[in-house]
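Let's take a walk through a protein model and see how its parts fit together. Keep the structure open beside you as you read.

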Amino acid sequence: MNKNTIRTERASVLKPKPDSATLKFGTSFTDHMFLMNYTDGIGWHDPRIVPYGPITLEPSAMVFHYAQEVFEGLKAYRRADGGVQLFRPRDNIRRLNRSCARLCIPELDEEMALQGILELVRMEESWVPSAPQTSLYIRPFVIATDPAVGVHASHTYLFCIIACPVGSYYPQGINPVSIYVESDDVRAVKGGTGSAKTGGNYAASLRAGERAEQAGYSQVLWLDGVHRKYIEEVGAMNVLFKIDGEIVTPPLGGSILPGITRQSCLDLLRSWEMPVSERPLTVDELFEAAENGKLEEAWGSGTAAVISPIGELVWKDKKVVINGGKIGPTTQKLYDTLTGIQWGTVQDPFGWIINV
Ligand code: PLP
Ligand code: COI
């Protein structure tokens, strides 16, 4: 058998599916998963779809000690005609490979990774929900598996893809969220791993996230780690603001994740000939704009969160309410167009959709 042929082993017992009206984010997983191994001297090999279940690793496996791992998040959407489609999956695979390069993990063959995603979604087709705003979230990841505790790059890896039917990431759905500007902890600095999608970034973000949640906020807005004044991104989303008619979002300077939803927002806004600027934005400028009535809209963008309006921002003792705590017209138009393309009710002029 060719080392790139995907072998399939079907689960003998299938799980009951969760009720799609009450789906939570990321808690129930489908019947199968995709696996593929890497060994130095052989390369990536033995791609297979097997029943979803525990993975056996030695306690010394390197991922447990030095967090050499990367991951991705993308979705499969059920169209009204019953078909299933993916949104910009190649962009996720390319970003996964850039994350691999940062973490000294051997890159994947783009076609092989795409085949893995497509074959798994085809196998789990019946798990793609059809209730409004639901989808199948797909989580590819790579972990270092060498049983060795010396600090160096692993020689063996496991690539895995799991999938779970999901509803809204935030319990609020499309209703505006409250965000807390974090002034103590930092998430990333230039030269670090901020632009890679790797678990360590999220581990470092947990403390501030927990504090914000306990205080009643959905997530934190990160400031840059050096000057502690430039806006970076939110816990699981990039951020965009409409200030005095112009859409402003922080540039991709190496410390924030190059979001695919962020790029899609910029592509759509530019196609509508709206003024867009990717430029550094300080928290002072942002709050000053809000106090002068120039901060018209704010929203987060992400695969899990889609387009999430920000209704309230809190920084130290300052609090601003944006657009009366309601979703603004640009945010709404982006949400409608993007989700329309993703679920197949709006035509895709960009070539973002891949049919499963
Ligand atoms: N920033 C962070 C830290 C994220 O975890 C995510 C989610 O993937 C994003 C931004 C948005 O990226 P994307 O739009 O590619 O999902
Ligand atoms: C995503 O939007 O895909 C994310 O990865 C965000 C979060 C669930 C980590």
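What follows covers the cores, one helix, the salt bridges, a surface patch and some backbone angles. One thing to keep in mind from the start: this is a predicted model.

**Inside the protein**

Let's begin with the largest nonpolar core, which has 36 residues. Which of them touch the most other members? They are Trp-44, Leu-108, Ile-117, Val-121, Ile-138, Val-142 and Phe-159. Quite a few elements chip in with at least two residues each, including strand E2 (32-39), strand E3 (43-51), helix H2 (89-102), helix H3 (110-123), strand E7 (135-144) and strand E8 (156-166). The largest share comes from H3, with eight residues.

For a feel of what life in this core looks like, pick out Val-121. Leaving aside residues up to four places away in sequence, Val-121 touches Ala-76, Val-84, Leu-86, Val-128, Ile-138 and Val-356. There is also a second, separate core of 25 residues, and among its members are Ile-243, Leu-281, Ala-289 and Ala-298.

**A helix with a buried side**

Now find helix H6, which runs over residues 283-291. Its buried residues are Val-283, Leu-286, Phe-287 and Ala-289. Why do they sit on the same side of H6? Because they cover an arc of only 155° around the axis. The general rule behind this is handy: an α-helix has 3.6 residues a turn, so residues three or four places apart point the same way.

Zoom in on Phe-287, which belongs to this helix. With a relative accessible area of 1%, Phe-287 is buried, because buried means under 20%. Which residues does Phe-287 touch, not counting those up to four places away in sequence? They are Val-181, Leu-313, Val-314, Trp-315, Lys-318 and Val-320. Take Trp-315 from that list: Phe-287 and Trp-315 are 28 residues apart in sequence, with their C-alpha atoms 8.6 Å apart in space. After H6 ends comes Gly-293, which has a positive phi near 75°.

**Charged pairs**

Side chains of opposite charge can pair when their charged atoms come close. How many salt bridges turn up in a search of the whole structure? The search finds 21. Here are three of them.

| Acidic residue | Basic residue | N to O distance |
|---|---|---|
| Glu-110 | Arg-94 | 3.1 Å |
| Glu-233 | Arg-187 | 2.8 Å |
| Glu-296 | Lys-242 | 3.7 Å |

Start with the pair Glu-110 and Arg-94. This pair links distant parts of the chain, with Glu-110 in helix H3 and Arg-94 in helix H2, 16 residues apart. Glu-110 is partly exposed at 22% relative accessibility, and Arg-94 is partly exposed as well, at 38%.

Next come Glu-233 and Arg-187. Glu-233 lies in strand E11 (residues 231-234) and Arg-187 in the loop between strand E9 (177-181) and helix H4 (199-214), so this salt bridge ties together parts that are 46 residues apart in sequence. Are these partners buried or exposed? Glu-233 counts as buried at 4% relative accessibility, and Arg-187 is buried with 9%.

The third pair is Glu-296 and Lys-242. Since Glu-296 is in strand E15 (residues 295-302) and Lys-242 in strand E12 (residues 238-243), the two tie together parts that are 54 residues apart in sequence. Glu-296 is partly exposed at 27% relative accessibility, whereas Lys-242 is buried at 13%. Some salt bridges also share partners, joining Arg-90, Arg-94, Glu-110 and Glu-111 into one network.

**Out on the surface**

Not every nonpolar residue hides away: Tyr-66, Val-149 and Val-151 make a nonpolar surface patch of about 300 Å². Val-151 sits in the loop between E7 and E8. Its relative accessibility is 68%, so Val-151 counts as exposed, the cut-off being over 50%.

**Backbone angles to look out for**

Most residues other than glycine have a negative phi. Asp-46, in strand E3, has a positive phi near 60°. Asp-46 is partly exposed, with a relative accessible area of 31%. Asn-323 also has a positive phi, near 50°. You'll find Asn-323 in the loop between strand E17 (318-321) and helix H7 (329-343), and at 35% relative accessibility Asn-323 counts as partly exposed.

Definitions and conventions. Residues are numbered from 1 along each chain as its sequence is written. Chains are lettered from A and ligands numbered from 1 in the order in which they are written. This is a predicted model: local features need pLDDT of at least 70, side-chain atom pairs count only at pLDDT 80 or more; totals for chains, interfaces and linings use all residues. Side-chain values use heavy atoms; hydrogens and water are left out. A nonpolar core is a set of buried Ala, Val, Leu, Ile, Met, Phe, Trp, Tyr and Cys residues joined through side-chain atoms within 4.5 Å. Buried means under 20% relative accessible area, exposed over 50%, partly exposed in between (1.4 Å probe, protein chains only). Helices (H or I, at least four residues) and strands (E, at least two) are DSSP runs, numbered from the N terminus. Contact means heavy atoms within 4.5 Å. The arc is that of the directions from the helix axis to the C-beta atoms. Patches are made of residues with over 30% relative accessible area and no salt bridge: like charges are joined within 9 Å, nonpolar side chains (Val, Leu, Ile, Met, Phe, Trp, Tyr) within 5 Å. Accessible areas come from the Shrake-Rupley method with a 1.4 Å probe; for residues, only the protein chains shown count as cover. A salt bridge is a side-chain nitrogen of Lys or Arg within 4 Å of a carboxyl oxygen of Asp or Glu.
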